[in-house]
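The following exercises concern overall form, burial and one helix. Each task is followed by a worked solution.

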Amino acid sequence: MSPSSLPPAHPLAWLDAHAARRREAGLRRELRPRRAGEPLLDLAGNDYLGLSADPRVVQGGVEALRTWGAGSTGSRLVTGTTSLHAELEAELAAFCGAGSALVFSSGYAANLGVLTALSGPDALIVSDAANHASLVDACRLSRARVVVVPHDDVSAVEAALAARSETRALVVTDSVNSVDGGLAPLRALHTVCRARGALLVVDEAHGLGVCGPGGRGLLADVGLAGADDVVATVTLSKSLGSQGGAVLGPAAVTAHLVDTARSFIFDTGLAPASVGAALAALRVLREEPGRPARVLRAAAALADAAGVPAPPSAVVSVVLGEPGVAFAAAQRCAERGLRVGCFRPPSVPEGTSRLRLTARATLTDDDLALVRTVLAEVLAPAVAR
């Protein structure tokens, strides 16, 4: 019987074999719903400032919900922009030292919007090899020529820009690496960009609220906040404890995004409750500028407990090697009352699966004592394997 005469296979039959291969490699992922009031100490989330459950932030969301309703009711260009959205944009831009801000429904959507709208077929994008998946996907959708350079390699960025034939160029990087917590060499990158006429695009998802004066981000820390050839993206779902994202930059940039960014134009506006909560969190951060320093002190304590160098950010990375080893270590932590992140390929390169611990400004001495006890029990056998 010829292959063409065989009954067709089910179009999803390949999924079982694919899942089996992932399971065998230790890469199968599962959703694990949290329950309200769980006793586990959370070192896996990105609530760096401890504001997601702060009564002031919750109240900001509740008031917005009661005033505006559950949803924004439409795209931002139709009915999805409220006066609350405009208020958040104005205060966010002022806090970060940017000319303007534009709020998106997520940080992912903000990255898609800014890179696709500011590039195109006549542009070059130079992208750091360790960039977040949202930036990688934005590069793929941009229709620009994309050159991926080694992580934090400024000379490779300069070489790519020097060799370009395109009229426009963008260099894109995370300010704080989401996996290992390292800081990008923003000053050196900006010097190269300015010399070569390129725009520097910086994702401050893990910088806002942690780095820079009063948590204003790494761009502010290195004196680049508000530069006319720098555009930043931020998320509202990490340090600000809410949901959403934003693009920060010159007014001409945000005006262009309103006209052309598909992930802005065709997406329903951010829900008012998220806007209200983010605005309340931003005001807490502004009124309590010591919170970022508490995050960094907590990160240093976590790193000491894990036996790794203290990071310059909230992210503590403990490399264990193979996926199964890292996953088992994360499970043992959970069994002992500690929730930690477990990063495996493709989130990290092969052979570098790890635990990822995230610091929080509200961690207590008792919390840190528990971390030290649990990690001492879990990491010794994991490292010894």
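A residue is called buried under 20% relative accessible area, exposed over 50% and partly exposed in between, with a 1.4 Å probe and protein chains only. This is a predicted model, in which local features need pLDDT of at least 70, side-chain atom pairs count only at pLDDT 80 or more, and totals for chains, interfaces and linings use all residues. Residues are numbered from 1 along each chain as its sequence is written, and side-chain values use heavy atoms, without hydrogens and water.

**Exercise 1.** Determine what share of the protein's residues is buried.

*Solution.* Of the 385 residues, 51% are buried.

**Exercise 2.** Compare the radius of gyration of the protein with the globule rule.

*Solution.* First, the secondary structure comprises 14 helices and eleven strands, taken as DSSP runs (H or I, at least four residues; E, at least two) numbered from the N terminus. Next, the radius of gyration, taken over C-alpha atoms, is set against 2.2 Å times the number of residues to the power 0.38. The value of 22 Å is close to the 21 Å from the rule, so the protein is as compact as a globular protein of that length.

**Exercise 3.** Establish how far helix H11 is enclosed, and by what.

*Solution.* Twelve of the 16 residues of H11 are buried, so the helix is largely enclosed by the rest of the structure. Among them are Pro272, Ser274, Val284 and Leu285. Contact means heavy atoms within 4.5 Å; the cover over the buried residues of H11 includes helix H2 (55–68), helix H3 (83–96) and helix H12 (291–306).
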